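Visitor: Pick one link that holds this chain together and take me through it slowly, please. After that, carry on into the surroundings, and keep it informal.

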Amino acid sequence: MIACPDRSRTRFALAGAVAAAGIALGAPPGAAGERTAPDDGRIVLAQAAPADPRNSPVRLVAPGGAPPGAARPEEAQQTEPPRAAAADGRTQDGGGVTATALNVLDTAAVGLLDPAEGGLGLSIWQGSKRGLIEKLISQLPARTRSVAARKLAVRLLATRAKAPQGASSGPDLLTSRVSRMAELGEVDAASRLADQISVERTGETLARGTVEALFLQNDNAGACQRVRDFVRRSADPYWQRAFAFCLLLSGDGARADMIVDVLAERGEADAELFSELIETLNGGEPAAVESLPDPTGLDLAMMRAANIPLPADVLSSDRPAVLRTVVASPNADLDLRLEAGERAFLYGAIGADGLGELYAAVQWPEAELKHPVSTAEGRWGPRGRALLLREAAAAEGPSMKALILSRAFGLAREKGGRDILAGASAPVLKSIPPDPTLAWFAPEAVSALLATGHVEEARGWLRMTGNGTETGPQTSRGAARLWTLSLLAEPDIESRAVDEQALRKWRDATYADDGEKARKATVLALTLLEALGVEPGPGRWGELLAEGLPARVPAPNVAWARALDEASAAGRVGETVLIVLLGLAGSNADPPGPAAIRKAVESLRRVGLASEARALALETAVAHGL
């Protein structure tokens with residue numbers, strides 16, 4: 001909803017005729033709409049008076065009216081310097097960087113990662129049906145709080161591999177991969193993935209997804225170049241709106257204004273927001289946008305260019321890509337950016353360093369800085385977490401850092417936000433060397449590091465405590481509590497037997513006063529260990545059953561479990577990963593239960609992804625508080 005002051009402006013008489021004829025707008029010839037740009041190539045808004053129509057005639061071209069490859073007037077004002085074509089189809093930019101647009105036989109085969117670069121392998125789709133893979137990828141969840149699952153999803157989507165066999169049933173595989181990558185917040189990777197094929201091979205859905213990804217990462221120059229490449233090929237109003245924005249950025253406010261009139265005459269959806277933003281950018285009074293619950297990348301780019309404050313409900317969609325963009329938006333107030341930043345961090349759309357930079361922008365009165373813990377406790381939330389992490393980072397000596405972090409973790413357990421704090425504290429945690437004098441802090445450090453995938457740093461603390469078996473006076477209880485995590489973190493534990501004495505010490509140290517919690521925790525611990533190849537003692541499962549019948553819990557979806565069995569048994573790597581990720585889609589609310597996680601871990605190991613299986617098992621153990 002937009003609230004704007006009363007204003008009047010002159011409408012072009014031509015607009016009605018254009019709308020009635022259903023004509024799309026091309027770009028102006030010559031340099032009449034030439035943009036202004038600083039030396040670094042950034043687009044800047046040129047608030048110039050409309051060009052004299054006698055000197056700059058408007059060319060109107062029906063959609064598709066220009067033949068492919070024909071010279072177009074708008075090429076005189078591209079948002080990037082033209083690149084010279086090489087003999088092999090490559091293009092050379094002004095900085096000497098060569099980019100390749102591939103004319104591969106099957107666009108599904110393109111990717112960013114080979115096996116040496118972290119890709120899952122060239123044959124991950126061998127044996128899989130193309131139609132099934134297309135449908136599964138289109139269903140891949142964009143929001144997940146699982147670090148392990150998100151890393152696996154990004155690698156799968158970016159892997160360069162031979163295309164799956166069989167007929168396509170849509171949606172197109174490359175289009176779905178780009179879309180899912182962008183929705184995960186990996187907007188740069190999404191646009192680079194789309195760049196792997198030529199513009200002529202790009203369908204409308206893929207082209208729009210790529211343009212949206214570029215707008216979301218504030219690359220207006222790159223987005224506008226693609227808009228100019230595609231605007232003649234579609235009658236969809238989105239391209240006309242995007243083209244008008246790009247014309248205005250290049251200084252041609254007159255023709256941008258004309259497109260506003262055309263779309264208004266047609267009664268297009270979103271015309272009000274679009275027209276008010278264009279008018280603001282064209283030198284009019286600022287619009288007041290009171291609600292923007294599900295913004296597009298184009299909406300956010302226009303809001304940023306017009307310096308219109310983002311409304312609070314811009315986060316309603318909870319899309320990682322949008323959250324990531326809001327974090328970097330100077331037209332959003334700090335509290336909105338903090339909320340967006342913490343959510344984006346939970347979904348993996350920004351890292352701990354990015355969240356730390358956002359936290360560093362929080363300012364505090366000097367009086368409140370004298371008592372940081374009590375101040376944070378009274379103002380718990382993004383600002384409170386920012387304050388304690390700031391104090392921990394600035395504290396002198398490992399002991400003081402550990403004390404502040406321990407208090408912060410305690411507040412997070414009591415008041416909420418522990419997942420956020422655990423991840424955001426990683427830079428400080430990694431600066432604290434494991435030391436026997438800090439054995440009391442080891443469980444906190446290990447849990448926080450493992451929760452965010454810092455396994456090697458966690459192993460340093462585990463080695464310091466004797467891998468959960470040390471019996472010294474300072475470390476015995478803390479070491480016993482770490483037994484399960486220390487065993488799960490070891491890289492080679494297959495075919496071992498569970499140490500029953502260590503298991504009993506772990507139960508006593510962690511759950512001595514709650515037999516039911518002890519039983520549930522033991523079931524999960526042995527399930528995870530068994531899924532990784534460790535063998536519980538004979539009769540151990542029967543003993544657990546004798547301790548009390550478990551509460552009824554939902555079993556994994558039968559179709560999911562059977563499909564996972566079939567795919568992993570046949571060695572279909574990509575299909576197995578997809579099915580695992582779909583089964584973990586509900587882990588935003590609660591971590592997966594023993595039956596589902598065992599199936600997922602065993603299946604990943606079966607197709608050769610042992611380290612990924614271990615990461616998932618560790619993450620689950622920490623999430624359940626083992």
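**A close look at the disulfide**

Guide: Start with the handedness: the link between Cys224 and Cys246 is left-handed, with -90° about the S-S bond. The two sulfur atoms sit 2.1 Å apart, so they pass the within 2.5 Å cut-off for a disulfide. Cys224 belongs to helix H7 (residues 220–230) and Cys246 to helix H8, so the bond ties together parts that are 22 residues apart in sequence. Keep in mind that this is a predicted model. The disulfide count here comes to one. As for cover, Cys224 and Cys246 are both buried.

Helix H8 is a handy place to step into the interior. Spanning residues 237–249, H8 gives 10 residues to the largest nonpolar core, but let me bring in that core properly. It has 180 residues, and those touching the most other members are Phe215, Val326, Leu405, Phe441, Trp461 and Leu626. The largest share of it is the one from H8: those 10 residues. As a general background thought, nonpolar side chains tend to be buried together in soluble globular proteins.

Let's zoom in on one of those well-connected members. Leaving aside residues up to four places away in sequence, Phe441 touches Ala402, Leu405, Ser406, Phe409, Leu429, Ile432 and Trp461. Two of the names there, Leu405 and Trp461, also appear among the core residues that touch the most other members.

Now slide along to Trp440. Its place is in the loop between helix H20 (426–429) and H21. Is Trp440 buried or partly exposed? Partly exposed, because its relative accessible area is 42%, and the buried label needs under 20%. With residues up to four places away in sequence set aside, Trp440 touches Ala402, Leu403 and Ser406. Ala402 and Ser406 turn up in the contact list of Phe441 as well. On the backbone side, the C-alpha atoms of Trp440 and Ala402 are 9.6 Å apart, although their positions lie 38 residues apart in sequence.

Leu403 is worth a stop too. You'll find Leu403 in helix H18 (residues 398–415), and with a relative accessible area of 46% it counts as partly exposed. Together with Met400 and Trp440, Leu403 makes a nonpolar surface patch of about 300 Å².

Next come the charged pairs. Side chains of opposite charge can pair when their charged atoms come close. The structure holds 25 salt bridges, and a few are worth opening in your viewer. The side chains of Glu444 and Arg418 meet in one of them, at 3.0 Å from N to O. Because Glu444 lies in helix H21 (residues 442–451) and Arg418 in helix H19 (residues 418–424), the pair ties together parts that are 26 residues apart in sequence. Glu444 is buried, at 13% relative accessible area.

Some other bridges stay within a helix. Glu134 pairs with Arg130, with 3.2 Å between the closest N and O atoms. The two are four residues apart in helix H2 (residues 130–138), so about one helical turn separates them. Glu134 and Arg130 are both buried.

Set that beside Glu339 and Arg343, whose closest N and O atoms are 2.7 Å apart in a salt bridge. Here too the partners are four residues apart, about one turn of the helix, this time in helix H13 (residues 334–346). Glu339 is partly exposed, with a relative accessible area of 36%, and Arg343 is partly exposed at 24%. They also belong to a network of salt bridges that links Arg143, Asp318, Glu339 and Arg343.

H2 leads us on to one more helix. Helix H4 (residues 173–183) is mostly covered, with 10 of its 11 residues buried. Among the buried ones are Arg177, Arg180 and Glu183, alongside Leu173, Val178 and Met181. The cover over H4's buried residues includes H2, helix H3 (147–158), helix H5 (187–194), helix H6 (204–216) and helix H12 (320–327).

Last stop: Asp565, in helix H28 (residues 558–569). Not counting residues up to four places away in sequence, Asp565 touches Lys599 and Arg606. From Asp565 to Ile579 the C-alpha distance is 9.9 Å, with the two 14 residues apart in sequence.

Note on methods
Residues numbered from 1 in each chain as written. Predicted model: local features only at pLDDT ≥ 70, side-chain atom pairs only at ≥ 80, totals over all residues. Heavy atoms only, no water. Core = buried A, V, L, I, M, F, W, Y, C linked by side-chain atoms within 4.5 Å. Buried < 20%, exposed > 50% of the residue type's maximum accessible area, 1.4 Å probe, protein only. Contact = heavy atoms within 4.5 Å. Patch = residues over 30% accessible without salt bridge, like charges linked within 9 Å, V, L, I, M, F, W, Y side chains within 5 Å. Areas by Shrake-Rupley, 256 points an atom, 1.4 Å probe, with all protein chains shown as cover. Salt bridge = Lys/Arg side-chain N within 4 Å of Asp/Glu carboxyl O.
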